[in-house]
Amino acid sequence: SARPERRPRADSRTYCWRGRISLSQACTMAVSTDTVIYLDIDGVLNVGIGDGGTAPLLLNDINLEMAQKVDPSRLTTQERVYVDKVISVANQALGHAENGTFSDYACLGSSQVADILIGRLTEIIRACGAPFVVLASNWRKPKYESKVRGLEETISKHLGRRFTFDGTTSLVNEKGAVDRLRCIGDHVNMICTDPARKGAVRILVLDDFFVSAFDGWAMEGGARISSEADAESYLRQRADSPSVDVKMVHCYAYWVTSMGNKVEIGTGLTAERTGAAVEFLGSSCHMPRQCSINTIDTKATGDTRWAERLHSVESTRALSRVDRVKTFLSHAVPIVPKKTFGNNAFVRNRTTVATASH
């Protein structure tokens, strides 16, 4: 493999390594960093709709248009379930003082991240100045290197400065949510038990855990994970240090549709979850609580499509949810219609596949 490129970080004496790094390297790099963010991508920087053990459906304009325009009489039972879930998510109110629906978080075209959610990640990064950002997503796998580089460029545009991930968790075979939490715990342990470590450490985890609820996961040592607080306690235990503070931001929600289908989603960084992360980091969140064109720095990104679409959504708040989605779709970026419709017609988060239940 290519030799990593070592680049000094402007804000500390640590180094950023392009490509894969070992846990021991990450431990050394984090010595002078007091804040570590473990970042998942799917379900955090986009909205994923759970579909059992297969790849989640991606909430994007392509899937929304298919779900809206398809003839239900020509669908199989399973296909009707997919359509019901996509429409339900698009119509679901964001709540918690944030106007709009999850359709506001839909990705555009071939993109697998939403600009509005990238903006919220940068708000979190700014809240702590110079965090050590560890990629904990399946995107850390070598085959997704080009996607990660593109994501780094997008984050850099929002931040107004160069951004690169400082490291990754180890490349273990994660079969589900339990493995993801254990993998993060391994990395936390390596950082916090390093003899060279000095000072307090803040750990912030942003993850949807394969679109999974905290429903009593069994961890080593008899620990049971039934809430964010349980996950935080587990990571503090793995840190084995009295000077470690942990915040878990679980980007997950579920409900049942009017057709009786259970919907589980990776919510993305909602305003509520972003505010919780920023509050933990000890800074007031300046992000507008309402979804508006002010949420996105169009000058930095050079992309006005989101601003235009969000403006159209803001102007239709009084409409019914169904009409609101129709208006949303009418402003979507044009796409080439699919010739056939089937189980594989919907766009999925192919990087997120739990191969076994937790």
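Among contacts in the protein between residues at least 6 apart in sequence, 72% join residues at least 24 apart. The model under consideration is a predicted one, and its secondary structure comprises eleven helices and 15 strands. Of the 358 residues in the protein, 56% are buried.

Helix H3, which runs over residues 77-91, has end C-alpha atoms that lie 21 Å apart, in agreement with the 21 Å that its 15 residues should span at 1.5 Å a residue. This helix is mostly covered, given that twelve of its 15 residues are buried. The buried set of H3 consists of Glu-79, Val-81, Tyr-82, Val-83, Asp-84, Lys-85, Val-86, Ile-87, Ser-88, Val-89, Ala-90 and Asn-91.

One partner of H3 is helix H2 (residues 61-69), whose axis comes within 9 Å of that of H3 and crosses it at roughly 115 degrees, the crossing being left-handed. On the H2 side, Asn-63, Leu-64, Ala-67 and Gln-68 take part in the contact, and they meet Val-83, Val-86, Ile-87 and Ala-90 of H3. By class, six of the residues in this contact of H2 with H3 are nonpolar and two are polar, while none is charged. In general, an α-helix has 3.6 residues a turn, so residues three or four places apart point the same way. The four H3 residues that meet H2, namely Val-83, Val-86, Ile-87 and Ala-90, also appear among the buried residues of H3.

A further helix pair is formed by H4 (residues 115-127) and H5 (residues 145-159), the axes of which come within 9 Å and cross at roughly 65 degrees. The two helices H4 and H5 are therefore roughly perpendicular to each other, and H4 passes H5 in a right-handed crossing. The contact is made by Asp-115, Ile-118, Gly-119, Leu-121, Thr-122, Ile-125 and Arg-126 on H4, together with Leu-151, Thr-154, Ile-155, His-158 and Leu-159 on H5. Its composition by class is six nonpolar, four polar and two charged residues.

At the level of a single residue, Ile-184, situated in helix H6 (residues 177-192), is buried, because its relative accessible area of 0% falls under the 20% cut-off. When residues up to four places away in sequence are not counted, Ile-184 touches Tyr-38, Ala-136, Thr-169, Val-205, Asp-207, Phe-209 and Leu-235. For one of these, Ala-136, the C-alpha atom is separated from that of Ile-184 by 7.2 Å, although the two residues are 48 residues apart along the chain.

Conventions: Residues numbered from 1 in each chain as written. Predicted model: local features only at pLDDT ≥ 70, side-chain atom pairs only at ≥ 80, totals over all residues. Heavy atoms only, no water. Axes fitted to C-alpha atoms, helices over the stretch in contact; angles between N-to-C directions. Parallel < 35°, antiparallel > 145°, perpendicular 65-115°, else oblique. Left-handed = near helix turned anticlockwise from the far one by under 90°. Contact = heavy atoms within 4.5 Å. Nonpolar A, V, L, I, M, F, W, Y, C, P; charged D, E, K, R; others polar. Expected span 1.5 Å × (residues − 1). Buried < 20%, exposed > 50% of the residue type's maximum accessible area, 1.4 Å probe, protein only.
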